[in-house]
Amino acid sequence: MNRTTLSLIAGATALAAVTGFAAVSAPDAGSATERTGAAATLPVERTGLLCPRPSTSELAETTYTSFTPVTRGAEGEGTAALRSAAEQSAPDDATGKGEQDEQDEKDGEQADDGEQDEKDAGKGDKDAEGGKESAKGGKGGTADKPVLQLREPGKPVTEDASGADAPALIGTADGRFASGWTAQQTTEVAAGTGRGLQGVACTAADTQFWFPGASTDDSRTDYVHLTNPDDSAAVVDIELYGKNGALKTTVGEGITVKPRSAEPVLLSTLTDEKQTDVTVHVVVRSGRVGAAVQALDDELGGDWLPASADPSGSLVMPGIPKDATAVRLIAFTPGDSDVDLRVRLASPSGMITPAGNETLHVKGGMTAGFDLGDLTRGEAGSLVLTASDGSVPVVAAVRVLRGKEGKQETAFIPAARPVETRATALDNTAKGTTLSVTSPEGTAQIKVTASAGTEGGTPATKTYTIKSGTTQDVEAPVPAGVKGTYALTVEPQGGATVYASRTLSSTEGGVPFFTVQPLPDDRGMVAVPDASEDLSVLQR
């Protein structure tokens with residue numbers, strides 16, 4: 001095997017570790033690629049995304065959106081399609097969990113009779129809970145028909161779905177559509193448990209997830225949604241950690257997620273302990289899944305809780321709304337070591353230390369919750385946590401409330417990964433969107449591009465400077481003549497590391513509906529070793 005082939009195999013292997021699967025081609029001599037030292041930075045040529053089932057409420061109105069930015073060097077053909085997660089008819093007996101679906105349905109009835117009605121109806125049609133529906137391409141012979149398919153890079157497409165039949169989606173993109181492919185689902189629930197605006201970005205499959213901020217309290221109905229994109233079953237363990245350590249669970253081990261299907265797991269069915277703050281650890285024994293927590297409150301609305309960034313001694317939760325009326329921090333450190341967290345708020349004018357919450361103590365292996373009050377006090381802000389001992393890793397998230405008592409809504413902001421090359425937020429409108437960017441250490445420059453709208457418009461671009469230690473709610477560009485919703489793509493242009501989030505908001509019946517999505521890097525570019533590089537470098 002020659003050196004060129006080996007180098008490309010090494011590059012593809014590195015990419016597979018990021019996206020779950022990958023394909024790269026040798027760069028042509030005249031191709032549009034960026035080079036750093038001996039490596040060429042090439043667009044990803046294949047990627048996958050998973051979207052959980054949006055809601056079990058008949059009042060839910062969901063919009064799925066898909067978008068790929070125009071990427072230099074991404075040319076030729078390709079597709080990007082999201083399809084309904086389809087139920088597999090053959091049971092998976094390997095794990096001995098064949099009755100898990102039925103048990104979850106029974107337990108779900110105790111928590112929410114209305115939700116059980118939907119599950120029972122779905123069971124009659126062989127539509128298993130958690131998105132294994134036939135409504136949009138399930139077992140009923142239309143499984144190969146996409147729910148949503150892109151037509152061209154640079155222009156988002158949408159598809160609407162009503163009620164509890166909106167399915168979980170499994171998708172792949174390749175060719176010119178793969179690099180930077182992003183999908184989002186946004187759901188409005190007018191009334192009932194979890195009423196409000198619920199948004200979540202679709203994510204790639206992985207083998208481990210941390211969710212600080214979940215709950216098994218009586219007022220909460222929290223689900224872990226697991227989606228398996230592969231043709232073989234995945235086996236998953238769910239570990240729960242409360243204020244005194246690991247919670248005793250009954251059926252949290254060896255949960256089977258059937259091939260190309262989705263499975264919601266109600267947290268209150270895994271343990272009898274009622275805890276206000278719970279950290280959920282999803283570990284995949286076999287295969288890989290997508291995972292997200294749906295946190296629904298009887299009085300305070302609800303939203304999706306995405307996974308926290310990997311455990312680290314330094315964490316950033318970007319874009320806490322300036323009109324937040326209550327902020328609660330939930331933190332957890334794996335292992336036995338305690339840690340003291342230095343707490344700072346990156347405000348528009350610089351870093352400040354919240355009075356009375358300068359340092360917070362987190363015990364090893366135990367979930368800790370801290371009420372920070374109206375932390376932002378009318379100004380944009382991002383929470384920055386630094387462990388006193390950098391060798392002790394932490395995961396964290398904040399629960400944010402907006403509105404006055406009796407008319408409050410909830411959103412969650414987990415610790416986010418930085419925007420390294422590019423990140424995109426979907427479903428934006430000129431009046432209902434807030435883009436927040438923070439640079440905790442050093443001044444940074446960013447470029448923000450507003451795409452064409454789903455129904456027309458001309459893209460627009462602006463550049464911004466984010467001063468060191470600040471958070472800015474930037475006045476994002478709006479496409480000229482825009483019709484429909486549009487994408488906002490953030491690209492660092494130099495300087496320090498930045499983190500970003502996007503808030504969608506509206507007011508319904510005096511209640512401030514809102515949802516916040518962190519913007520992690522889209523991982524749409526990969527450094528491939530130059531064909532002339534000595535392979536021994538790759539083998540070290």
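## A guided tour, starting at K145

Select K145 to begin: this residue is exposed, because its relative accessible area of 59% is over the 50% cut-off. K145 belongs to the loop that runs between α3 (113-124) and β6 (148-149). Now add L82 to the selection. L82 and K145 are 63 residues apart along the chain, and their C-alpha atoms are separated by 9.0 Å. Keep in mind as you look around that this is a predicted model.

**Zoom out to the whole chain**

Switch to a cartoon view. The protein chain holds three helices and 39 strands. Of its 540 residues, 56% are buried. How far apart in sequence are the residues that touch one another? Taking contacts between residues at least 6 apart in sequence, 81% join residues at least 24 apart. If you turn on a surface, you are looking at about 21500 Å² of accessible area, and carbon and sulfur atoms account for 45% of that.

**Next stop: S261**

Select S261, which sits in strand β16 (residues 261-266). Is S261 buried or exposed? Its relative accessibility is 0%, so S261 counts as buried. Now show the backbone of K258 as well. A polar atom of the S261 side chain lies 2.6 Å from the backbone oxygen of K258.

**Then T489 and its surroundings**

Move on to strand β36 (residues 486-495) and pick out T489. With a relative accessibility of 5%, T489 falls under the 20% cut-off and therefore counts as buried. Which residues surround T489, apart from its neighbours within four places in sequence? Its contacts are F67, P69, R422, A423, T424, K447, V448 and T449. Select these together with T489 to see the group.

Two of these partners deserve a click of their own. The side chain of T424 makes a polar contact with the side chain of T489, at 2.9 Å. R422 is 67 residues from T489 in sequence, while the C-alpha atoms of the two are 6.8 Å apart in space.

**The second largest pocket**

Keep R422 on screen, and add V70, T71, R72 and E491. Among the 23 residues that line the second largest pocket, these five lie nearest its centre. The pocket has a volume of about 560 Å³. Strand β36, the home of T489, is one of the elements that supply at least two residues of this lining, along with β31 (444-450) and β39 (525-529). Try colouring the lining by class: you should find nine nonpolar, eight polar and six charged residues.

**Last stop: an enclosed space**

How many cavities of 30 Å³ or more does the model have? The count comes to two. For this stop, go to the second largest cavity, which contains about 50 Å³ of space. To find this cavity, select R220, A295, D297, L300, G301, G302, R399, T410 and F412, the residues that line it. Three strands, β18 (290-297), β19 (301-305) and β28 (409-414), each give two or more residues to this lining. Colour these residues by class too, and the lining of the cavity divides into three nonpolar, three polar and three charged residues.

To retrace the route, go back from this cavity to T489, buried in β36, then to S261, buried in β16, and finish at exposed K145 in its loop.

How values were computed: Residues numbered from 1 in each chain as written. Predicted model: local features only at pLDDT ≥ 70, side-chain atom pairs only at ≥ 80, totals over all residues. Heavy atoms only, no water. 1 Å grid on protein atoms, 1.4 Å probe; cavity = no way out; pocket = protein on both sides within 12 Å on 5 of 7 lines; lining within 4 Å. Points joined across faces, edges and corners; volume = space filled by probe spheres on them. Helix = DSSP H or I, 4+ residues; strand = E, 2+ residues; numbered from the N terminus. Nonpolar A, V, L, I, M, F, W, Y, C, P; charged D, E, K, R; others polar. Buried < 20%, exposed > 50% of the residue type's maximum accessible area, 1.4 Å probe, protein only. Contact = heavy atoms within 4.5 Å. Areas by Shrake-Rupley, 256 points an atom, 1.4 Å probe, with all protein chains shown as cover. Polar contact = N/O pair within 3.5 Å; in protein donor to acceptor, adjacent residues only side chain to side chain.
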